[in-house]
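Student: I have a model open and want to learn how to read it. Can we work through it feature by feature?

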Amino acid sequence: MSKLIDFLSKLNKNRRNELRALKNTGRIITGYFCHYVPVEIIEACGCIPVRIKDNLNDKYETAGRKHIQRDSCSFCKAALGSLVDNSEFTNLVYGTTCDQLRRLNEHISEKTDIDSFLFHAPRTHDKNSTLNLYRDEIFLLIEKLTARSKTEYRNEQLLERVEEWNKLRSFVNEIQRQRIDQPPVVTGREFFYLLSTAYFLGPESFLKVSDEIMEFIKTKETSREPLRIFLAGSIICTADDHLLNIIEEQSRAVIVGDNTCTGSGWMNNPLQYKQNIFENLLKNQFDNAQCPNKMPNDSLYEFTDKQIEKTKPDGIIYRSLKFCHPWNFEAKAFKNRYNIPFLHIDTDYSKANIGQIKTRVHAFYEMIIARKSEDRIK
Amino acid sequence: MKTELNDIVYKDPFPARIGCTEWHNLFGNIPDEFIDHYRYYRHCGKNEWNTYLYPPTTFLIYGSRYLRKLKFDNSLASLRLWGFMMNESERLFRAKQSGMKIIANMGDLGAIPPLIFSFKDTIPFYPDCYWWTPFLNESTVLFEEAERLGIGEDCCFVRAALGAYSKLAYFPEPDLGIVATGASCNDMNSVMQSINRLDFNMHWFEIPHRRDPGIYDSDLKNNERDLHRMDYQPHLKTFVIEEMHNLISRLEEVTGQKYEPDALVGTIKKINKLRGLVYEIRDIAFSAVLCPIPALELMNLEFITLSAYSDLDEAIDIAQHLKDTVRERVKNGKGISDNDAARVIWITPPADPILLNYLEDLGGRLVGTEFVINQSLRLLDSNPDPLVSLSDGLLNASLIGTTRSRTKLILRQIEKYDAEGIIISNIFASSHCSFETTLIKEFIRENYNIPILSFDVVAPGKKIQQSQILNRMTAFIETIKEKKRS
């Protein structure tokens, strides 16, 4: 086990206990899906945002299957199974970025007592009409959240939250920058843990331990020349730990860059603010989401182009969750766009296929190594 | 039913469902004058090319081989409908040759075409509807093409539209593609995204999610006619009107014409004429003691409301002909079903048309549908600003809101037409079916204790799985009939 992950796991555990205690004192714990949901606004409305992606596993996927059909996405099934089983959230917020998420809302509302709000997150951009709609919908979100938390929303509070989150983003982006180095200072698995913990703890709590984290990173032993892997595709959550392990096991390879629903893109855009903070936040969310469901989704590729150029990967591992249409059907376009060895893994959270995935990943690495050798000879 | 043309009369035989060969033989009895008279794009005059009244065997020879397995209504009006529908591909090529503008609509399912028809010589059509082609042609060519472009069998059958767009052998290159995204299916979005990469001229139209306001004021007893009404929040209408204005600018650019509100008002009148006729035919058919028209023809008729199969005037004429036929049959106590046929509502249109044939083969009949096109069935309001009417129409769409609101449409029909069972034909890997089906069942069961059958429609050529569907439908109809007897 990585010492850094061990450290972060303890932080996560403590935070989970802290949230339970806060909920018992009447604080509003707002679970949210998708990074289209502005965390700063949730906080400015007096609620504590927690992204729903942790604690999911294959058992919850099976549990969720009781309520929705087999041909639905594994993440939605697992989220449903988990929330029906036991919820630590007071309320939930969804954006309509994905049709399955949009419909998941109704299932959760029908099967639990958790209050939820779904806002329309436009898929098209570059026009005033959709920005106006987004604004209207965020106003409704604010109304809903403040009614629940009995707090008044103020722009000054939003500005303060934006400043705090920007500090967090800067810190994570610095690690992201160092991740690109050869040899990389953190593994992909560590980076995903770090990112997840950063969001779970929030800026104040997380930045308190930033020195300790940097210490772990500085003293870390790194393998000399691992294969550099770019990971793209569906959301990465706790249920994917085994996948990250397979990709990086025995230090043969390290994930040096990514474009997933929860990866580095999540921290990519520190907000340029000062004046009219609300409008700037909206614009930032609206223009910079690297989402495959944006129509057209050019920004997804623009972001990936930059990442690929910076990280110079030896190969791309593209993981789509079963029946995650937005990512699954982009795989071909990804493959065609980048002239880099490419492996597409379409899987669910079941651990039954670990052996097959291992075999495919190993074969992929052997192919990359063989090619590199051939190139050297040439 | 007697159809008269000048002094020539054609009399339909006793109502029945007949096969391809029987229609081929029967077609010999239809006077040539009728074949010559029924034409699409009448404004182009009488040409060698613009007739469409042919027996199913003609389209079978052109490649729709599945027709030989289907059963058809034996009326002249139904034959017109079939010919008109099957002829649409050819019609689009003719439109292009005649200098008309061709606009492909995707994802909105009937909400936008009235605006397009209001521009002179401008024709809307739906590539989405090419999802029936692999079944009708017994061919997986379009699916293979979609797979080559990255969309495989984990996507709903609508991926055939991507294949058709790529090949451009099924319709000419559209002058513009209007792609409706937002509160729409993931699979449809992925198809549109892939089409966009093929470098066609596209316009993105955002459809907002319709949140339930919480109160349904359109209860059936007070508002019997409006089976199709949905409720929504007012700010959504303002947004859709803005989107309509964006689209208008694009249409003006493509057609070289100015948008004329009066022309749109005129078009809405025609659209309402068509929708009104379809409403009446459905109402007559669902209410009659003996069902006067088969389920398959009713589906073909329902989908005429999307884009009038690219010819609004002729579509209205056909719907009128069909209404006369249906009314006459009911008046004379004739129909194609038994007295005790199981009364079934069908949810989600089956891509495989033979499934609707099975319903009647097994002793059932259709008394309602929710084919995800509620927005194209409802009459448009007569607001002074026609864009307000159009926007309101769009916000009544089946799939943009909650499953509870969609189920409301079904519950109204169960009540109105005394349905005894529900069939839900799922589309495998479609983002809405996988989430909606269990909820629809739950919501119906909150109100009615009637049997519900759901199954996944299987891809063309999968005979064993299809036989399982037939077995399940058999047991389902038997259950309903047994329940009636007891």
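Student: How many helices and strands are there in chain A?

Tutor: This is a predicted model, so read every value as computed from it. Chain A has 16 helices and eight strands. In chain B the secondary structure comes to 21 helices and twelve strands.

Student: How do I read the radius of gyration of chain A?

Tutor: Set the value beside what a compact globule of that length would have. For 378 residues that is near 21 Å; chain A has 20 Å, which agrees. Then look at the box. The C-alpha atoms of chain A fill roughly 70 × 45 × 45 Å along the principal axes.

Student: And what radius of gyration does chain B have?

Tutor: Chain B has 21 Å. A compact globule of 486 residues would have a value near 23 Å, so the two agree. The box around the C-alpha atoms of chain B is roughly 60 × 55 × 50 Å.

Student: What share of each chain is buried?

Tutor: Take the cut-off for buried as under 20% relative accessible area. In chain A, 62% of the 378 residues count as buried. In chain B, buried residues make up 67% of 486.

Student: What does the accessible surface consist of?

Tutor: Ask how much of it belongs to carbon and sulfur. For chain A the surface is about 15100 Å², with 46% on carbon and sulfur atoms. Chain B exposes about 16900 Å², and 49% of that belongs to carbon and sulfur atoms.

Student: How do I read contacts against sequence separation?

Tutor: Drop the short separations, then see what is left. In chain A, 76% of contacts between residues at least 6 apart join residues at least 24 apart. For chain B, 76% of the contacts with a separation of 6 or more come from residues 24 or more positions apart.

Student: How far apart are the mean positions of the positive and negative charges?

Tutor: In chain A, the 55 positive and 51 negative charges have mean positions 3 Å apart. In chain B, there are 55 positive and 65 negative charges, and their mean positions lie 3 Å apart.

Student: Now the interface. How many residues does each chain bring to the contact?

Tutor: Chain B brings 58 residues and chain A brings 52. Between them the chains bury about 4100 Å², 50% of it on carbon and sulfur atoms. Next, see which residues lose the most area. In chain B these are Asp154(B), Asn186(B) and Phe435(B), together 17% of what that side buries.

Student: Is helix 11 of chain A enclosed or open?

Tutor: Count its buried residues. Six of the eight in helix 11 (residues 241-248) are buried, so the helix is largely enclosed by the rest of the structure. The buried ones are His242(A), Leu243(A), Leu244(A), Ile246(A), Ile247(A) and Glu248(A).

Student: What covers those buried residues?

Tutor: The cover includes helix 8 (188-201) and helix 16 (354-377) of chain A. Strands 5 (227-233), 6 (253-260), 7 (315-321) and 8 (342-347) of chain A are also among the cover.

Student: Which residue with a positive phi follows helix 11 of chain A?

Tutor: Gln250(A), with phi near 55°.

Student: Let's end on one residue. Is Ala232(A) buried or exposed?

Tutor: Buried, with a relative accessible area of 1%. Ala232(A) lies in strand 5 of chain A. Leaving out residues up to four places away in sequence, Ala232(A) touches Asn259(A), Thr260(A), Ile317(A), Tyr318(A), Arg319(A) and Phe334(A).

Technical notes
Residues are numbered from 1 along each chain as its sequence is written. Chains are lettered from A and ligands numbered from 1 in the order in which they are written. This is a predicted model: local features need pLDDT of at least 70, side-chain atom pairs count only at pLDDT 80 or more; totals for chains, interfaces and linings use all residues. Side-chain values use heavy atoms; hydrogens and water are left out. Helices (H or I, at least four residues) and strands (E, at least two) are DSSP runs, numbered from the N terminus. The radius of gyration is taken over C-alpha atoms; the globule rule is 2.2 Å times the number of residues to the power 0.38. Buried means under 20% relative accessible area, exposed over 50%, partly exposed in between (1.4 Å probe, protein chains only). Contact means heavy atoms within 4.5 Å. Accessible areas come from the Shrake-Rupley method with a 1.4 Å probe; for residues, only the protein chains shown count as cover. Lys and Arg count as positive and Asp and Glu as negative; His and the chain ends are not counted. The place of a charge is taken as NZ of Lys, CZ of Arg, CG of Asp or CD of Glu. Buried area is the accessible area (1.4 Å probe) that two parts lose on being put together, summed over both.
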